[in-house]
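Please work through the following exercises with the sequence and the three-dimensional structure at hand. Each task is followed by a solution in steps.

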Amino acid sequence: MELFEKRTARETVFEGRIINVYNDTVVLPDGKSTHRELVEHHGGVCVAALTENGGLLFVRQFRYPYGRVLLELPAGKLEKGEDPLAAGIRELEEECGVTAESVIPMGEIYPTVAYCSEIIHLYFAKGLRKTKQNLDDGEFLTVEEIPLAEAVKLVMNGEIADSKTVALVLKTEKLLSEGKI
């Protein structure tokens, strides 16, 4: 059996600035038809920025869907057609006021595979140089440095729950401990 679903119809439910929502009709591998709700998103980036002290730069910001402040690695959404590496470099400077001598791709994650097309591109940055924070209009956050070992503890005890941050903190710790980055 081929594991593939063929779209036969699409109804646009919503077109927005950040997402589009569709109700698609698809044919399943067994030939039956069903509907799939799809959230189309241009994707995002997340950066683990390592300081000379061995810490990572984090941001705290209020996240409206959860009604609370979350601790996250610097991140942001891609503009349509934007290069993910360029976006990661841009977001790091905008949110944390630093640039990096070296930015290394760390793969990508699919945070909500059942209904959303978002892909988050992960990066590791080192050789940080202070510049100037340049937040977007309506963006409010604080920046803090947390030692990597402490960040891993915060992930493991559930104090960091943001999926992109969880994945990138653990991946960074593993690859650093193996001397691969």
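In these exercises, buried means under 20% relative accessible area, exposed over 50%, and partly exposed in between (1.4 Å probe, protein chains only). Helices (H or I, at least four residues) and strands (E, at least two) are DSSP runs, numbered from the N terminus. The model is predicted: local features need pLDDT of at least 70, side-chain atom pairs count only at pLDDT 80 or more, and totals for chains, interfaces and linings use all residues. Residues are numbered from 1 along each chain as its sequence is written, and side-chain values use heavy atoms, with hydrogens and water left out.

**Exercise 1. The two sides of a helix**

Task: Determine which residues of helix α2 are buried, and which residues on the other side are exposed.

Solution.
Step 1. Helix α2 spans residues 148-156, and its buried residues are Leu148, Ala151, Val152, Leu154 and Val155.
Step 2. These residues lie on the same side of α2 because they cover an arc of only 160 degrees around the axis. The arc is that of the directions from the helix axis to the C-beta atoms.
Step 3. Ala149, Lys153 and Met156 are exposed on the other side of α2.
Step 4. Contact means heavy atoms within 4.5 Å. The buried residues of α2 pack against β5 (55-63), β6 (68-72), β10 (142-147) and α3 (163-177).

**Exercise 2. The sheet beneath the helix contacts**

Task: State in what order the three strands of the open sheet are arranged, and at what angle α2 runs to β10.

Solution.
Step 1. Two strands pair if DSSP finds at least two bridges between them. Strands of a sheet pair through backbone hydrogen bonds, either parallel or antiparallel.
Step 2. The order in this open sheet is β6-β5-β10, with antiparallel pairing. Its edge strands are β6 and β10, each of which pairs on one side only.
Step 3. From one strand to the next, the twist averages 30 degrees. Axes are lines fitted to C-alpha atoms, for helices over the stretch in contact, and angles run from 0 to 180 degrees between N-to-C directions.
Step 4. Five bridges pair β5 with β6 in the antiparallel sense. Phe62 has Val69 in β6 as its bridge partner.
Step 5. Helix α2 lies across β5, β6 and β10, and runs at about 100 degrees to β10.

**Exercise 3. The loop after α2**

Task: Locate Glu159 and decide whether Glu159 is buried or exposed.

Solution.
Step 1. Gly158 follows α2 and has a positive phi, near 85 degrees.
Step 2. Glu159 belongs to the loop between α2 and α3. Its relative accessibility is 52%, so Glu159 counts as exposed.
Step 3. A polar contact is a pair of N or O atoms within 3.5 Å; within protein, one must be able to donate a hydrogen and the other to accept it, and residues adjacent in sequence count only if both atoms are side-chain atoms. Such a contact links the side chains of Glu159 and Asn157 (2.8 Å).
Step 4. Glu159 and Leu71 are 88 residues apart along the chain, and their C-alpha atoms are separated by 8.1 Å.

**Exercise 4. Salt bridges**

Task: Find how many salt bridges the structure holds, and explain what the pair of Arg60 and Glu144 ties together.

Solution.
Step 1. A salt bridge is a side-chain nitrogen of Lys or Arg within 4 Å of a carboxyl oxygen of Asp or Glu. The structure holds 12 salt bridges.
Step 2. In the salt bridge of Arg60 with Glu144, the closest N and O atoms are 2.7 Å apart. Arg60 lies in strand β5 and Glu144 in strand β10, so the pair ties together parts that are 84 residues apart in sequence.
Step 3. Arg60 is partly exposed at 35% relative accessibility, and Glu144 is partly exposed with a relative accessible area of 25%.
Step 4. Glu82 and Arg90 also meet in a salt bridge through their side chains (2.9 Å, N to O). Arg63, Glu72, Asp162 and Lys164 are joined into one network by salt bridges that share partners.

**Exercise 5. Antiparallel pairs and hairpins**

Task: Describe how β1 and β2 pair, and how many bridges join β2 to β3.

Solution.
Step 1. Strand β1 (residues 6-15) pairs with strand β2 (residues 19-27) in the antiparallel sense over eight bridges. A hairpin of three residues joins β1 to β2, and Glu11 stands opposite Asn23 in β2.
Step 2. Strand β2 and strand β3 (residues 33-41) run antiparallel, joined by nine bridges. Tyr22 stands opposite Leu38 in β3.
Step 3. The hairpin of β2 and β3 has five residues between the strands, and Gly31 takes a positive phi near 90 degrees there.
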